[in-house]
Amino acid sequence: LDTLENWVTEIFSEIPNNGLPKPSFGHLTQPFDTPEFHKLYRVVPIRKVHSLTITWALPPQEQYYRVKPLHYISWLVGHEGKGSVLSFLRKKFWALALYGGNGETGFEQNSTYSIFSISVTLTDEGYKHFYEVAHVVFQYVKMLQKRGPDQRQVIWEEIQKIEANEFHYQEQTDPVDYVENLCENMQLFQKEDFLTGDQLLFEYRPEV
């Protein structure tokens with residue numbers, strides 16, 4: 001570590017600090033506030049697959065990285081057990097798979113907005129009933145909204161433990177990719193969270 005530190009100091013210490021604050025585009029509060037956004041788009045794919053994707057544009061969520069509310073919601077939406085959206089759709093023979101969330105890339109999450117998507121892989125029969133499939137998804141989200149998160153701290157803690165285990169027992173990654181990832185984290189998180197801010201859940205805040 002001492003050798004590595006000396007190398008980094010020698011190579012990078014001459015780069016001047018311009019003292020400028022991190023750029024923010026938070027004043028652009030409604031990037032998708034257009035009539036075209038509230039529509040259904042049909043896209044013909046190259047390969048034979050039916051997929052329904054529902055996308056919401058939300059206020060910026062990167063400030064809540066210690067809570068990770070979108071990760072929490074995607075966990076509930078993506079649940080495959082009894083009572084889940086996917087379980088219901090499979091019984092109808094309408095869907096094969098379902099996933100939702102935010103990839104936390106610059107496009108999906110930034111200082112202007114955060115995108116949350118739910119994507120359903122449909123069967124041929126499900127494609128015929130995609131309006132009903134969309135309705136089921138919205139019903140489930142409405143149920144989560146109505147019940148609120150207060151009764152689900154156990155679920156949040158379960159997610160927290162799983163993510164902690166995956167962090168502690170993760171496989172060795174390519175050093176160059178790891179350094180690049182850390183440099184990106186330095187633009188997003190507090191200093192003490194550079195190593196963990198993109199993976200771990202730290203605080204349960206139901207109001208968020």
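A salt bridge is here a side-chain nitrogen of Lys or Arg within 4 Å of a carboxyl oxygen of Asp or Glu. The exercises below concern a predicted model, and every value in them is computed from that model.

**Exercise 1. The overall fold**

Task: Describe how many helices and strands the protein chain has, and in what pattern they follow one another along the sequence.

Solution. Begin with the inventory, which comes to seven helices and three strands for the protein chain. Next, read along the sequence, where these elements follow the pattern α-β-α-α-β-β-α-α-α-α. For the extent, take the C-alpha trace, which spans about 65 × 40 × 40 Å along its principal axes. Then turn to the surface: the accessible area of the protein chain is about 15,200 Å², and carbon and sulfur atoms account for 58% of that area. Of the 208 residues, 28% count as buried. Finally, consider the contacts with a separation of 6 or more, of which 74% are between residues 24 or more positions apart.

**Exercise 2. A salt bridge with aspartate 193**

Task: Find which residue forms a salt bridge with aspartate 193, and work out where the two partners lie and whether each is buried or partly exposed.

Solution. The partner of aspartate 193 is arginine 66, and the closest N and O atoms of the pair are 2.7 Å apart. That distance can be set against the cut-off of 4 Å, within which a pair of this kind counts as a salt bridge. As for accessibility, arginine 66 is partly exposed at 25%, whereas aspartate 193 has a relative accessibility of 4% and, because buried means under 20%, belongs to the buried class. To place the pair, note that arginine 66 is in the loop between E1 and helix H2 (69-77), while aspartate 193 is in the segment after helix H7 (175-185), so that distant parts of the chain, 127 residues apart, are linked.

**Exercise 3. From a pair to a network**

Task: Determine which residues are linked with Arg66 in a network of salt bridges, and examine the pair formed by glutamate 203 and arginine 66.

Solution. The side chains of glutamate 203 and arginine 66 meet in a salt bridge at 3.0 Å, N to O. Because glutamate 203 lies in the segment after H7 and arginine 66 in the loop between E1 and H2, this pair ties together parts that are 137 residues apart in sequence. Glutamate 203 is itself partly exposed, with a relative accessible area of 28%. Widening the view, the network links Arg66, Asp193, Glu203, Arg205 and Glu207. The structure as a whole holds six salt bridges.

**Exercise 4. The contact between the domains**

Task: Characterise the contact between domain 1 and domain 2, stating how many residues each supplies and how many salt bridges are counted between them.

Solution. Start from the domain assignment, which gives domain 1 as 34-146 and domain 2 as 148-207. Their C-alpha centres lie 22 Å apart, and the contact takes 14 residues from domain 1 and 21 residues from domain 2. The area buried between the two domains is about 1,600 Å², with 57% given by carbon and sulfur atoms. On the side of domain 1, Tyr65, Arg66 and Tyr72 supply 43% of the area buried against domain 2, more than any other three residues. Two salt bridges are counted between the domains.

**Exercise 5. A salt bridge of lysine 48**

Task: Identify which residue forms a salt bridge with lysine 48, and state whether each partner is exposed or partly exposed.

Solution. Lysine 48 pairs with aspartate 124, the closest N and O atoms being 3.5 Å apart. Since lysine 48 lies in the loop between helix H1 (2-12) and strand E1 (50-58), and aspartate 124 in helix H4 (residues 124-128), the pair ties together parts that are 76 residues apart in sequence. Lysine 48 counts as exposed at 69% relative accessibility, whereas aspartate 124 is partly exposed at 47%.

**Exercise 6. A surface patch and a buried asparagine**

Task: Name the residues that form a nonpolar patch on the surface, and then say which residues asparagine 185 touches.

Solution. The patch is formed by Leu1, Leu4, Trp7, Val8, Ile11, Phe12 and Ile15, which together have about 820 Å² of accessible area. Among them, leucine 4 is placed in helix H1 and is partly exposed, with a relative accessible area of 46%. Asparagine 185, by contrast, lies in helix H7 and is buried, with a relative accessible area of 3%. Leaving aside residues up to four places away in sequence, asparagine 185 touches Phe194 and Asp198.

Conventions. Residues are numbered from 1 along each chain as its sequence is written. This is a predicted model: local features need pLDDT of at least 70, side-chain atom pairs count only at pLDDT 80 or more; totals for chains, interfaces and linings use all residues. Side-chain values use heavy atoms; hydrogens and water are left out. Helices (H or I, at least four residues) and strands (E, at least two) are DSSP runs, numbered from the N terminus. Buried means under 20% relative accessible area, exposed over 50%, partly exposed in between (1.4 Å probe, protein chains only). Patches are made of residues with over 30% relative accessible area and no salt bridge: like charges are joined within 9 Å, nonpolar side chains (Val, Leu, Ile, Met, Phe, Trp, Tyr) within 5 Å. Accessible areas come from the Shrake-Rupley method with a 1.4 Å probe; for residues, only the protein chains shown count as cover. Domain bounds come from an automatic or database domain assignment. Contact means heavy atoms within 4.5 Å. Buried area is the accessible area (1.4 Å probe) that two parts lose on being put together, summed over both.
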